[in-house]
Amino acid sequence: FLTIVANPWMGLGGLVAVWVALGYARWQGCEASMRPVYGFNALLVGLLVSSSHGGVVVALPLVILAAMMSCLFLTWLSPILQQTFGQPVLSLPFVLTASLVMLGVSPDFLIEDHSNYLMPWWSVWPDTFFTQLGTVFLMPYAWLGCGVWLGLMWASRYLAFLAVMGYRDWE
């Protein structure tokens, strides 16, 4: 829900990808228990593609193709992982699809990073910290990262402290 509020084009890209994936799952006659996995992986792929390629209008064909690629990876990998290792496939199709899409697309097609500077009085450290936390939702916005950190703070002060310490150690 936060994604659609913060960036409606990105949310629309995710919804188009889910629609394509669920249509593919129904067309292939997949089990009803696997359909949410198809939808979730496609949602992540749709959000990634539409966020890094300028919205759903520009990237609609790429969103559809990436969602189909995610479904194909899921169809191919699910029996292998289930029978060989006894493990569910989870987000592996998203990781493979995202890697291939980001490697295969020309850098000229990618949009620039649009970090917002709503609060210019902040120093560089909190701005980059909150921007990195905002990328949890695939959107590099400082105000969104601030909301994520406040959510961590509400859930557990210890988790919020670990987020700050992990960022400071990484930097």
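**Exercise 1. Is leucine 90 buried or exposed?**

Work out the answer, then describe where leucine 90 sits in the chain.

*Solution.* A note before we start: this is a predicted model.

Step 1. Find the place: leucine 90 belongs to the loop between H4 and H5.

Step 2. Take its relative accessibility, which is 56%. The cut-off for exposed is over 50%, so leucine 90 counts as exposed.

Step 3. Check the backbone. Phi of leucine 90 is near 50 degrees, which is a positive value in a residue other than glycine.

**Exercise 2. Classify serine 91 and find what it touches**.

*Solution.* Step 1. Serine 91 is also placed in the loop between H4 and H5.

Step 2. Its relative accessible area is 27%. Partly exposed covers the range between 20% and 50%, so serine 91 is partly exposed.

Step 3. Now look for its partners. Setting aside neighbours within four places in sequence, serine 91 is in contact with Phe40, Asn41 and Leu44.

Step 4. Pick asparagine 41 from that list. Serine 91 and asparagine 41 are 50 residues apart along the chain, yet their C-alpha atoms are separated by 6.1 Å.

**Exercise 3. Describe the overall make-up of the protein**.

*Solution.* Step 1. Count the elements: there are eight helices and zero strands.

Step 2. Write them in sequence order, and you get the pattern α-α-α-α-α-α-α-α.

Step 3. Look at burial. Of the 171 residues in the protein, 40% are buried.

Step 4. Look at contacts between residues at least 6 apart in sequence: 63% of them join residues at least 24 apart.

**Exercise 4. How do H3 and H5 pack?**

*Solution.* Step 1. Locate the pair: helix H3 spans residues 35-52 and helix H5 spans residues 92-104.

Step 2. Read the geometry. Their axes are 9 Å apart, and the packing angle is about 25 degrees.

Step 3. Name the arrangement. Angles under 35 degrees count as roughly parallel, and H3 and H5 are therefore roughly parallel to each other.

Step 4. Add the handedness: H3 passes H5 in a right-handed crossing.

Step 5. List the residues that make the contact. H3 gives Asn41, Leu44, Val45, Leu48, Val49 and Ser52, while H5 gives Pro93, Phe94, Thr97, Ala98, Val101 and Met102.

Step 6. Sort them by class, and you find nine nonpolar, three polar and no charged residues.

**Exercise 5. Now try the pair H2 and H3**.

*Solution.* Step 1. Helix H2 covers residues 8-28, and its axis comes within 7 Å of that of H3.

Step 2. The two axes cross at roughly 145 degrees, and H2 passes H3 in a right-handed crossing.

Step 3. Find some of the contact residues. Among them are Gly11, Gly13, Gly14, Ala17 and Tyr24 of H2, and Tyr38, Gly39, Ala42 and Gly46 of H3.

Step 4. By class, the contact of H2 with H3 has 12 nonpolar, seven polar and two charged residues.

**Exercise 6. Which elements build the largest nonpolar core?**

*Solution.* Step 1. The largest nonpolar core has 26 residues, and those with the most contacts inside it are Tyr38, Val49, Val63 and Phe94.

Step 2. H2, H3, helix H4 (56-84) and H5 each give two or more residues to this core.

Step 3. H4 supplies the largest share, eight residues.

Step 4. Follow one member. Beyond residues up to four places away in sequence, tyrosine 38 touches Ala21, Tyr24, Ala25, Cys30, Cys71, Leu74 and Thr75.

**Exercise 7. Compare the surroundings of valine 45 and serine 70**.

*Solution.* Step 1. Valine 45 is in helix H3, and serine 70 is in helix H4.

Step 2. Check burial, for which the cut-off is under 20%. Valine 45 has a relative accessible area of 2%, so it is buried. Serine 70, with 1%, is buried too.

Step 3. List contacts, leaving out residues up to four places away in sequence. Valine 45 touches Ala66, Ala67, Ser70, Phe94 and Thr97, and serine 70 touches Asn41, Ala42, Val45, Pro93 and Thr97.

Step 4. Read the two lists together: each residue appears in the list of the other, and Thr97 appears in both.

Note on methods
Residues are numbered from 1 along each chain as its sequence is written. This is a predicted model: local features need pLDDT of at least 70, side-chain atom pairs count only at pLDDT 80 or more; totals for chains, interfaces and linings use all residues. Side-chain values use heavy atoms; hydrogens and water are left out. Axes are lines fitted to C-alpha atoms, for helices over the stretch in contact, and angles run from 0 to 180 degrees between N-to-C directions. Helices (H or I, at least four residues) and strands (E, at least two) are DSSP runs, numbered from the N terminus. Angles under 35 degrees count as roughly parallel, over 145 as roughly antiparallel, 65 to 115 as roughly perpendicular and the rest as oblique. A crossing is left-handed if the near helix is turned anticlockwise from the far one by less than a right angle, and right-handed if clockwise. Contact means heavy atoms within 4.5 Å. Ala, Val, Leu, Ile, Met, Phe, Trp, Tyr, Cys and Pro count as nonpolar, Asp, Glu, Lys and Arg as charged, and the others, Gly among them, as polar. A nonpolar core is a set of buried Ala, Val, Leu, Ile, Met, Phe, Trp, Tyr and Cys residues joined through side-chain atoms within 4.5 Å. Buried means under 20% relative accessible area, exposed over 50%, partly exposed in between (1.4 Å probe, protein chains only).
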